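Reader: I'm new to this one. Could you walk me through it, one question at a time?

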Amino acid sequence: MSASTSHQASYQDYRHGIGHNRVQFLHQLFQVLLVGLTLGMMRTVVPALAESEFGVPKGSFLLLMAFVVAFGFVKGPLNFVAGRLSERIGRKQVLLLGWLSALPIPFMILYAPSWGWIVAATVLLGVNQGLTWSMTQTSKLDITRADQRGLTIGLNEFSGYVGVAIAGIITGYMATAFGARQGLLIFGLVVIVLAIALTLFWVKDTLPWAKAEGARYAAGQSKGPKPRFPHNISDNPTTWEVFTLMSWRDRRMAVISQAGLVEKFVDALVWVFYPLYLYQHGLSLPNIGWVVGVYGFVWGGSQLVTGKLSDHIGRQKPIVWGMWICGAGVGMMLMGESILWWSFSAAVTGFGMALLYPNLSAAVADIAHPNWRGSAIGIYRFWRDLGYGIGALALGLVANLSGAINSGFWFVTIAMLVSGLIVWIWGEETHPRLNPADKL
């Protein structure tokens with residue numbers, strides 16, 4: 001057998017599609033559920049009890065936001081590192097490193113003598129999320145077909161953000177039953193130890209599927225419409241090449257990256273200002289968990305539809321609509337005074353997020369070559385999750401200057417409307433079927 005025939009056989013051994021890789025796909029879905037549970041345990045109890053449990057002075061908005069700033073400025077770069085590292089040592093090893101980094105978090109919360117410990121624990125949470133969430137998403141894209149990307153990312157984000165919502169609710173009840181620190185310790189340890197065990201014994205490395213896909217493109221064996229891959233990049237680019245392409249050299253990628261960064265302002269707001277705002281308006285921890293949970297459940301659940309929808313109508317329209325609907329939902333929070341209204345506003349915000357969130361990632365995957373897709377997704381996620389840090393800093397400053405958290409809600413509303421306008425004006429449809437490379 002010739003070398004070329006042997007090479008062809010090797011990449012043909014790897015079949016792509018959810019059906020062909022059902023077992024691993026389900027393992028990866030459960031992994032991202034656990035990733036969401038780990039993030040969610042910091043969402044309800046910690047912000048609401050920052051003053052009484054961890055000593056944050058009332059009205060110290062910048063200090064309060066410090067742990068989200070730390071999270072964003074750590075998770076963003078770790079997404080970048082994860083994508084690049086996974087192309088060298090494999091997806092599974094990066095996933096395992098992410099879970100091991102989370103082990104100290106529950107103990108740091110238990111023994112935290114000051115808010116500084118919570119900030120430090122959130123740094124580790126950023127490492128965990130940057131490595132694990134990046135890998136669950138990249139691994140699913142490795143083993144599925146191009147026409148399943150919207151559905152794939154929709155399922156991934158559905159599972160992750162349902163996990164965030166569930167954890168916010170459960171930890172609210174556990175904090176009430178066992179105390180804030182003990183409740184988070186029990187919950188966190190169970191989730192993290194289970195994730196490590198599953199990664200070690202059941203998760204497969206999916207890097208060979210990505211290499212096989214790249215080999216098919218190189219051999220002219222790929223099927224279906226050809227994506228509009230960027231031309232101003234080499235076949236095996238350096239880290240700097242991919243970074244500059246994603247950040248400014250390719251207008252489409254730059255527009256996607258800015259939208260990802262700005263939409264994280266919403267999540268920073270929901271993480272800290274939602275619980276604080278609702279706590280100040282007399283809601284109990286379980287009820288806060290439910291309102292914030294509505295946001296997470298609608299966001300997660302709707303992605304089962306919105307991800308697949310974009311496989312039919314394209315990415316551009318859902319992204320623009322999502323930015324505007326999500327921003328409107330944030331502003332609506334301040335227009336009513338009942339748990340029903342706040343839940344409805346949270347649902348509108350969550351639905352807008354569901355429209356934009358999976359489709360930004362799908363748009364990157366559409367036009368990123370398999371040879372450097374892991375890096376491209378990592379760099380997009382670098383900019384996106386840097387939005388946690390930048391958004392949290394901006395929210396803290398706006399609230400400090402105005403003396404009220406309400407101004408933070410309006411700041412985010414305006415930012416989302418402007419960012420959506422940028423996508424509408426300068427963005428481009430990326431779906432290969434709707435805008436293929438050979439289109440004149």
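Author: Happy to. Let's start with Ser 375: setting aside neighbours within four places in sequence, Ser 375 is in contact with Gly 83, Arg 84, Glu 87 and Val 242. Keep in mind that this is a predicted model.

Reader: Okay, and where does Ser 375 sit, and is Ser 375 buried or exposed?

Author: Ser 375 has its place in helix α17, which covers residues 373-402. Buried means under 20% relative accessible area. Because the relative accessibility of Ser 375 is 1%, the label that goes with Ser 375 is buried.

Reader: What about Thr 38: which helix holds Thr 38, and which residues is Thr 38 in contact with?

Author: Look at residues 22-40, helix α2, and you'll find Thr 38 there. Thr 38 counts as buried because its relative accessibility is 1%. Skipping the neighbours within four places in sequence, the residues in contact with Thr 38 are Trp 99, Leu 125, Asn 128, Gln 129, Val 191 and Ile 192.

Reader: Now a loop residue, please. Is Pro 225 buried, exposed or partly exposed?

Author: Pro 225 lies in the loop that runs between α11 (207-219) and α12 (239-249). Buried stops at under 20% and exposed starts at over 50%, with partly exposed in between. Pro 225 comes out at 43% relative accessibility, so Pro 225 counts as partly exposed.

Reader: Which residues does Pro 225 contact, leaving aside its neighbours within four places in sequence? And how many Å apart in space are Pro 225 and Leu 194?

Author: The contacts of Pro 225, with those neighbours left out, are Pro 432, Arg 433 and Pro 436. Leu 194 is 31 residues away from Pro 225 in sequence. From C-alpha to C-alpha, the separation of Pro 225 and Leu 194 in space is 41 Å.

Reader: On to the helices. At what angle do α14 and α16 pack, and what kinds of residues make up the contact of α14 with α16?

Author: Helix α14 spans residues 285-313 and helix α16 spans residues 339-367; their axes are 7 Å apart, at an angle of about 30°. Their crossing is right-handed. As for the residues of this contact, they divide into 15 nonpolar, 10 polar and no charged.

Reader: Where is Arg 315, and what is the C-alpha separation of Arg 315 and Asp 366?

Author: You'll find Arg 315 in the loop between α14 and α15. With 1% relative accessibility, Arg 315 counts as buried. Neighbours within four places aside, the contacts of Arg 315 include Arg 149, Asn 359, Asp 366 and His 431. Arg 315 and Asp 366 are 51 residues apart along the chain, and their C-alpha atoms are separated by 9.6 Å.

Reader: Is there any empty space inside? How many cavities of 30 Å³ or more does the count give?

Author: Rolling a probe the size of a water molecule over the atoms shows where empty space is left. For cavities of 30 Å³ or more, the count comes to 2.

Reader: What lines the largest cavity, and which element gives the largest share of that lining?

Author: The largest cavity has a volume of about 90 Å³. Arg 315 turns up again in its lining, along with others including Arg 252, Ile 319, Leu 360 and Thr 430. Two or more lining residues come from each of α13 (251-280), α15 (316-332) and α16. The largest share, 3 residues, comes from α13.

Reader: And the second largest cavity: which element gives the most to its lining?

Author: This cavity has a volume of about 80 Å³. Of its 14 lining residues, the closest to the centre are Arg 43, Val 164, Ala 165, Val 292 and Tyr 295. By class, the lining has 7 nonpolar, 5 polar and 2 charged residues. With 6 residues, the element that gives the most is α14.

Reader: Last one: how many residues line the largest pocket, and how do they split by class?

Author: About 720 Å³ of space lies in the largest pocket. Its lining has 26 residues, with His 16, Arg 145, Ala 146, Ser 222 and Lys 223 nearest the centre. Helices α1 (3-12), α9, α11 and α14 each supply at least two of the lining residues. By class, the split is 7 nonpolar, 9 polar and 10 charged.

Conventions. Residues numbered from 1 in each chain as written. Predicted model: local features only at pLDDT ≥ 70, side-chain atom pairs only at ≥ 80, totals over all residues. Heavy atoms only, no water. Helix = DSSP H or I, 4+ residues; strand = E, 2+ residues; numbered from the N terminus. Buried < 20%, exposed > 50% of the residue type's maximum accessible area, 1.4 Å probe, protein only. Contact = heavy atoms within 4.5 Å. Axes fitted to C-alpha atoms, helices over the stretch in contact; angles between N-to-C directions. Left-handed = near helix turned anticlockwise from the far one by under 90°. Nonpolar A, V, L, I, M, F, W, Y, C, P; charged D, E, K, R; others polar. 1 Å grid on protein atoms, 1.4 Å probe; cavity = no way out; pocket = protein on both sides within 12 Å on 5 of 7 lines; lining within 4 Å. Points joined across faces, edges and corners; volume = space filled by probe spheres on them.
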